[in-house]
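Here is a short set of exercises to work through with the coordinates open in your viewer. Try each task before you read its solution.

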Amino acid sequence: MAGALGVKATPFTYAAHVLAAAAAVMVLVWCIHFRGGLAFEAVNKNLIFNVHPVLMLIGYIILGSEAIMIYKSFPGLKHDTAKLIHLTLHAIAIVLGAVGIYCAFKNHNESGIANLYSLHSWLGIGAISLYGIQWIFGFVTFFFPGAAPDVRRGALPWHALFGLFVYILTLATAQLGFLEKLTFLESSGLDKYGTEAILVNCTALVVVLFGATVVVAAVAPAAKVEEPEGYAPIPVVG
């Protein structure tokens with residue numbers, strides 16, 4: 001659809017990188033300046049939790065977004081090189097996301113807080129599980145040992161479509177996370193119109209805009225339109 005409207009991916013990749021940098025700075029300012037810092041071991045268990053939003057946003061969402069956009073950010077790359085970078089960045093994102101989830105569990109366990117009681121936690125576990133399944137499928141089908149050419153040709157557009165679904169699910173989960181944490185803080189006395197509350201809400205809005213630019217960049221054609229070898233688009237009946 002983006003291609004039919006004459007929209008090219010390049011300006012959206014530029015916008016995504018700017019928004020990614022802004023979101024990363026904002027979440028670091030929130031967790032370090034307002035929430036007291038980051039730690040894997042601490043008497044103040046909130047410092048352990050602070051690692052969770054930092055890794056989930058910077059390590060999981062932003063790195064995953066870069067993996068999605070690699071074919072459009074650097075359209076001149078050889079396809080095999082881009083595919084390897086795509087695979088590697090997604091793998092790193094999954095590992096950092098898993099560490100981020102571990103920190104949330106660690107904080108809850110050491111603070112006597114129940115686990116997996118909220119929609120945010122349910123969707124978060126579901127999203128990273130689907131992310132892992134998607135990565136394994138992509139590795140086996142497109143990297144090693146690799147499926148037959150006809151299978152790869154048919155699977156690639158569906159792999160991309162399912163990947164965007166998981167990505168959007170991840171973004172939605174992040175929004176629920178911002179809302180949940182801010183609600184808890186406000187119920188504990190944080191000023192609803194104070195600087196920290198505004199920062200958290202603005203960070204969430206930047207993540208929404210960032211995700212939107214990534215999705216458009218993913219579906220729009222690159223400046224140099226050259227489909228990957230063996231690619232066949234999803235047929236559209238019209």
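**Exercise 1.** Where is Pro 145 found?

*Solution.* Keep in mind that this is a predicted model. Step one is the location: Pro 145 is found in the loop between α4 and α5, the latter covering 149–187. Step two is the backbone: the peptide bond joining Phe 144 and Pro 145 is cis, with omega at about 0°. Most peptide bonds are trans.

**Exercise 2.** Find the phi of Leu 116, then work out what surrounds this residue.

*Solution.* Start with the torsion: Leu 116 isn't a glycine, yet its phi is positive, about 55°. Most residues other than glycine have a negative phi. Next, place the residue: Leu 116 is in the loop between α3 and α4. Its relative accessible area is 41%, and being between the 20% and 50% cut-offs makes it partly exposed.

Now look at the surface. Leu 116 helps make a nonpolar patch of about 400 Å² along with Leu 119, Trp 122 and Ile 125. Trp 122 is in helix α4, which covers residues 119–143, and at 55% relative accessibility it counts as exposed.

Finally, check a neighbour. Phe 105 is found in helix α3 (residues 79–111). Leaving out residues up to four places away in sequence, Phe 105 touches Asn 115, Leu 116 and Ile 125. Phe 105 itself counts as partly exposed, at 26% relative accessibility.

**Exercise 3.** Which residues are linked in a network of salt bridges, and how is it put together?

*Solution.* A search of the whole structure turns up five salt bridges. The network links Glu 41, Lys 45, Lys 106 and Glu 110, so take it pair by pair, with the cut-off at 4 Å between a side-chain nitrogen and a carboxyl oxygen.

1. Glu 41 and Lys 106 meet through their side chains at 3.1 Å, N to O. This pair links distant parts of the chain, with Glu 41 in the loop between α1 and α2, Lys 106 in helix α3, and their positions 65 residues apart.
2. Lys 106 and Glu 110 make another salt bridge, at 2.7 Å, N to O. Both lie in helix α3, four residues apart, or about one turn of the helix.
3. Glu 110 also pairs with Lys 45, and their closest N and O atoms are 2.9 Å apart. Glu 110 lies in helix α3 and Lys 45 in helix α2, so this pair ties together parts 65 residues apart in sequence.

Then add accessibility. Glu 41 is exposed at 59%, whereas Lys 106 is buried at 10%. Glu 110 is partly exposed at 33%, and Lys 45 is partly exposed at 24%.

**Exercise 4.** Is Gly 36 buried or exposed, and what is it in contact with?

*Solution.* Place it first: Gly 36 is in the loop between α1 (10–34) and α2 (45–73). Its relative accessible area is 54%; the cut-off for exposed is over 50%, so Gly 36 is exposed. For contacts, set aside the neighbours within four places in sequence, and you get Cys 31, Leu 47 and Asn 50. As a distance check, Gly 36 and Lys 192 are 156 residues apart in sequence and 19 Å apart in space, C-alpha to C-alpha.

**Exercise 5.** Which residues touch the most other members of the largest nonpolar core?

*Solution.* The core has 41 residues, and the ones to pick out are Trp 30, Leu 57, Tyr 60, Ile 61, Phe 210 and Val 214. Then ask which helices feed this core: α1, α2, α3, α4, α5 and α6 (195–219) each supply at least two residues. For a close-up, take Tyr 60: beyond the residues within four places in sequence, its contacts are Leu 55, Ala 93, Gly 97, Ala 127, Ile 128, Tyr 131 and Thr 170.

**Exercise 6.** Compare the UniProt annotation with the model, beginning with what is listed for residues 15–219.

*Solution.* The unreviewed UniProt entry lists residues 15–219 as "domain: Cytochrome b561". In the model, that span is 83% helix and 0% strand, and its end C-alpha atoms lie 15 Å apart. The entry also lists "transmembrane region" spans, among them 12–35 and 47–63. Residues 12–35 come out as 96% helix and 0% strand, with end C-alpha atoms 32 Å apart. Residues 47–63 are 100% helix and 0% strand, and there the end C-alpha atoms are 23 Å apart.

Methods
Residues are numbered from 1 along each chain as its sequence is written. This is a predicted model: local features need pLDDT of at least 70, side-chain atom pairs count only at pLDDT 80 or more; totals for chains, interfaces and linings use all residues. Side-chain values use heavy atoms; hydrogens and water are left out. Buried means under 20% relative accessible area, exposed over 50%, partly exposed in between (1.4 Å probe, protein chains only). Contact means heavy atoms within 4.5 Å. Patches are made of residues with over 30% relative accessible area and no salt bridge: like charges are joined within 9 Å, nonpolar side chains (Val, Leu, Ile, Met, Phe, Trp, Tyr) within 5 Å. Accessible areas come from the Shrake-Rupley method with a 1.4 Å probe; for residues, only the protein chains shown count as cover. UniProt positions are given in the numbering used here, feature names are shortened, and annotations may be inferred rather than shown by experiment. A nonpolar core is a set of buried Ala, Val, Leu, Ile, Met, Phe, Trp, Tyr and Cys residues joined through side-chain atoms within 4.5 Å.
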